[in-house]
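This report describes selected contacts, burial and surface features of one protein chain. The sequence and structure follow.

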Amino acid sequence: MNRWVIMMPVAGLAGLAAILGFRMGQPMTETEIINRYAAEYVETFGGEAMLTDCIATAGKGTVRLIVQCTHADGRRAVFPAGNRGELLPLTEGPEA
């Protein structure tokens, strides 16, 4: 059996792993972050909650964006997101 028969699948798997690793290392876009936390808000609040209840503002320091959602009944949800889209504790501002 030729070496290339064994090495081609191995090379293909290594290439796939490299592509997936590169893609996973990319930071999320602002749109992806906003959509992620707006969907979480709708899932959590249910009922009349809509994606359009949410806005995003720039954060400070390690906080990239602050997604704020206000329900029709006055309840609020605040999601401070880091550079990779991870939820961070809110330590600054009136909501802290």
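## Contacts of Tyr41

In this predicted model, Tyr41 touches ten residues that are listed here without those up to four places away in sequence: Gly46, Ala49, Met50, Asp53, Cys54, Cys69, Thr70, His71, Ala77 and Phe79.

## Nonpolar core

Tyr41 also belongs to the largest nonpolar core, a set of 14 residues. Within this core, Tyr41 is listed with Ile33, Val67, Cys69 and Phe79 as the residues with the most contacts. Two of these names, Cys69 and Phe79, also appear among the residues that Tyr41 touches.

Helix H2 (30-45), S2 and strand S3 (76-81) are the elements that give two or more residues to this core. The most come from H2, which gives five residues.

## Gln68 in strand S2

Strand S2 spans residues 65-70 and includes Gln68. Is Gln68 buried or exposed? The relative accessible area of Gln68 is 19%, and the limit for a buried residue is under 20%, so Gln68 counts as buried. The side chain of Gln68 is joined to that of Arg76 by a polar contact of 2.8 Å.

## Surface patch and helix H1

A nonpolar patch lies on the surface and is formed by Trp4, Val5, Ile6, Met7, Met8 and Val10. Together, these residues have about 620 Å² of accessible area.

One of them, Val5, is found in helix H1, which covers residues 3-24. Val5 has a relative accessibility of 37%; partly exposed residues lie between the limits of 20% and 50%, and therefore Val5 is classed as partly exposed.

Definitions and conventions: Residues numbered from 1 in each chain as written. Predicted model: local features only at pLDDT ≥ 70, side-chain atom pairs only at ≥ 80, totals over all residues. Heavy atoms only, no water. Patch = residues over 30% accessible without salt bridge, like charges linked within 9 Å, V, L, I, M, F, W, Y side chains within 5 Å. Areas by Shrake-Rupley, 256 points an atom, 1.4 Å probe, with all protein chains shown as cover. Salt bridge = Lys/Arg side-chain N within 4 Å of Asp/Glu carboxyl O. Helix = DSSP H or I, 4+ residues; strand = E, 2+ residues; numbered from the N terminus. Buried < 20%, exposed > 50% of the residue type's maximum accessible area, 1.4 Å probe, protein only. Polar contact = N/O pair within 3.5 Å; in protein donor to acceptor, adjacent residues only side chain to side chain. Core = buried A, V, L, I, M, F, W, Y, C linked by side-chain atoms within 4.5 Å. Contact = heavy atoms within 4.5 Å.
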